[in-house]
Amino acid sequence: MANSLLNTPTNAFHKQQNHPVFFSRGSSSRNSIPVLQQKSSRMQPLMSIAASSSIQTFLEKSVPSSQNAGLPILVNSCTGKMGHAVIKAAEAAGLHVVPLSFGLEQESGRTVQISGKEFLVHGPSERENSLAYVLDKYPNLIVVDYTAPSAVNGNAELYCKFGVPFVMGTTGGDRDLLYKNVKDSNVYAVISPQMGKQVVAFLAAMEIMAEQFPGAFSGYSLQVLESHQASKVDASGTAKAVISCFNKLGVSFDMDQIQLIRDPKQQLEMVGVPEEHLPGHAFHMYHLTSPDQTVSFEFQHNVCGRSIYAEGTVDAVIFLAKKIESKDDKKIYNMIDVLREGNMR
């Protein structure tokens with residue numbers, strides 16, 4: 001989250017990109033989900049009879065009833081933990097999750113059970129024809145992307161090519177190019193590397209404080225500790241964003257001073273992470289101390305599991321559908337826009 005949440009970039013220099021590839025990484029319903037107008041200029045499906053029949057079979061298994069037809073979404077990388085969490089949250093919110101997903105080539109043809117529904121995974125070589133076929137059946141489709149940083153730009157280019165609106169929760173990639181391609185394609189999108197609504201609100205408050213009270217913590221020392229699952233090797237983007245705010249508030253602190261906790265034993269004994277959430281958590285602590293050691297401030301936010309991000313993603317999907325229905329002039333949004341709307345579940 002290096003970019004400010006309050007100021008989303010919309011201009012960038014175009015760079016040559018490789019062909020898009022998908023990668024995996026590792027209960028009340030909404031009362032007013034809009035029914036969108038059919039979009040034009042869709043690419044038409046060109047598939048083999050066998051492939052078309054396979055997709056048609058899966059689509060027919062989960063056709064929603066006419067009286068309870070939720071907004072259709074397609075969640076890519078359903079085999080990943082975030083994709084799995086988003087599907088469960090979307091089903092609980094009354095959205096219709098299309099039982100198809102894109103993943104690794106070696107996952108192509110695999111079926112996955114999520115929330116009592118069977119999902120068919122398609123590899124990179126099938127993604128264009130598969131997406132075209134799904135759009136023919138669900139012209140109001142919105143795609144949710146939780147794949148991998150290396151796939152961000154290629155995936156976005158594919159969505160833009162088909163003119164399908166999307167919610168991008170994947171971090172990394174060339175963010176300037178991402179915004180440029182979406183802007184040039186005139187596609188609606190919510191793009192945010194942090195989908196946790198409450199975390200985003202906290203970051204926004206920090207940015208406002210930094211802008212309005214620069215130097216308020218001049219001379220204070222800062223300690224930053226963040227704990228994530230062992231598979232996360234880099235420092236948290238959220239922590240970096242908070243530290244950037246503290247820098248503006250007068251605190252001297254370099255990013256390489258962040259204390260990264262990745263050892264499960266330390267996470268259990270020192271940080272207090274529940275054992276069941278060692279594979280997926282985000283614990284952050286920011287401790288400020290005055291020069292004379294007489295005053296201290298502590299900011300802390302602990303996230304166990306992925307439900308906070310999944311619920312935020314569902315709100316982003318519903319928000320985007322309403323913007324499309326109203327034909328809003330603005331096309332690219334972030335989670336600050338979703339929060340400002342004030343209609344979250």
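Is V251 buried or exposed, and at what relative accessibility? In this predicted model, V251 counts as buried because its relative accessibility is 3%, where buried means under 20% relative accessible area, exposed means over 50% and partly exposed lies in between, with a 1.4 Å probe and protein chains only. V251 is found in the loop between helix 7 and strand 10 (259-261), helices being DSSP runs of H or I with at least four residues and strands DSSP runs of E with at least two, both numbered from the N terminus. Although V251 and G219 are 32 residues apart in sequence, their C-alpha atoms are 6.3 Å apart in space. When residues up to four places away in sequence are not counted, V251 touches F217, Y220, L222, F246 and L288, contact meaning heavy atoms within 4.5 Å.

Because the model is predicted, local features need pLDDT of at least 70 and side-chain atom pairs count only at pLDDT 80 or more, whereas totals for chains, interfaces and linings use all residues. Residues are numbered from 1 along each chain as its sequence is written, and side-chain values use heavy atoms, with hydrogens and water left out.

The protein chain contains 10 helices and 13 strands, and of its 345 residues 52% are buried. The area exposed by the protein chain is about 15700 Å², of which carbon and sulfur atoms supply 49%; accessible areas come from the Shrake-Rupley method with a 1.4 Å probe, and for residues only the protein chains shown count as cover.

Three helix pairings are described here, beginning with helix 2 and helix 9. The axes of helix 2 (residues 81-92) and helix 9 (residues 307-325) come within 8 Å and cross at roughly 55°, the axes being lines fitted to C-alpha atoms over the stretch in contact and the angles running from 0 to 180 degrees between N-to-C directions. This crossing angle makes helix 2 oblique to helix 9, since angles under 35 degrees count as roughly parallel, over 145 as roughly antiparallel, 65 to 115 as roughly perpendicular and the rest as oblique. Helix 2 passes helix 9 in a right-handed crossing, a crossing being right-handed if the near helix is turned clockwise from the far one by less than a right angle, and left-handed if anticlockwise. On the helix 2 side the contact involves M82, A85, V86, A89 and A90, which meet Y309, A310, E311, T313 and V314 in helix 9. By class, the contact of helix 2 with helix 9 comprises 8 nonpolar, 1 polar and 1 charged residues, where Ala, Val, Leu, Ile, Met, Phe, Trp, Tyr, Cys and Pro count as nonpolar, Asp, Glu, Lys and Arg as charged, and the others, Gly among them, as polar.

Helix 6 (residues 197-212) packs with helix 7 (residues 237-248) at an angle of about 20°, their axes being 8 Å apart. Helix 6 and helix 7 are therefore roughly parallel to each other, and their crossing is left-handed. In helix 6, V199, F202, L203, M206, E207 and A210 meet T238, A241, V242, C245, F246 and K248 of helix 7, so that the contact of helix 6 with helix 7 divides by class into 9 nonpolar, 1 polar and 2 charged residues. The axes of helix 6 and helix 9 likewise come within 8 Å, crossing at roughly 85°, and these two helices are therefore roughly perpendicular to each other. Their contact is made by K197, Q198 and V199 of helix 6 together with I308, E311, G312 and D315 of helix 9, and its residues divide into 2 nonpolar, 2 polar and 3 charged.

Two strand residues were also examined. F102 lies in strand 3 (residues 100-102) and counts as buried at 3% relative accessibility; F102 and C78 are 24 residues apart in sequence, with their C-alpha atoms 7.6 Å apart in space. L225, found in strand 9 (residues 221-228), counts as buried at 14% relative accessibility. The C-alpha atoms of L225 and L260 are 6.2 Å apart, with their positions 35 residues apart in sequence, and L225 touches Q259, I261, M270, V271, F283, H284 and M285, not counting residues up to four places away in sequence.

Backbone torsions provide a further point of detail. Most residues other than glycine have a negative phi. N186, in the loop between helix 5 (175-185) and strand 8 (189-191), has a positive phi near 65°. Phi of Q293 is near 65° and positive in a residue other than glycine; Q293 is placed in the loop between strand 11 (281-289) and strand 12 (296-304), and is exposed, with a relative accessible area of 59%.
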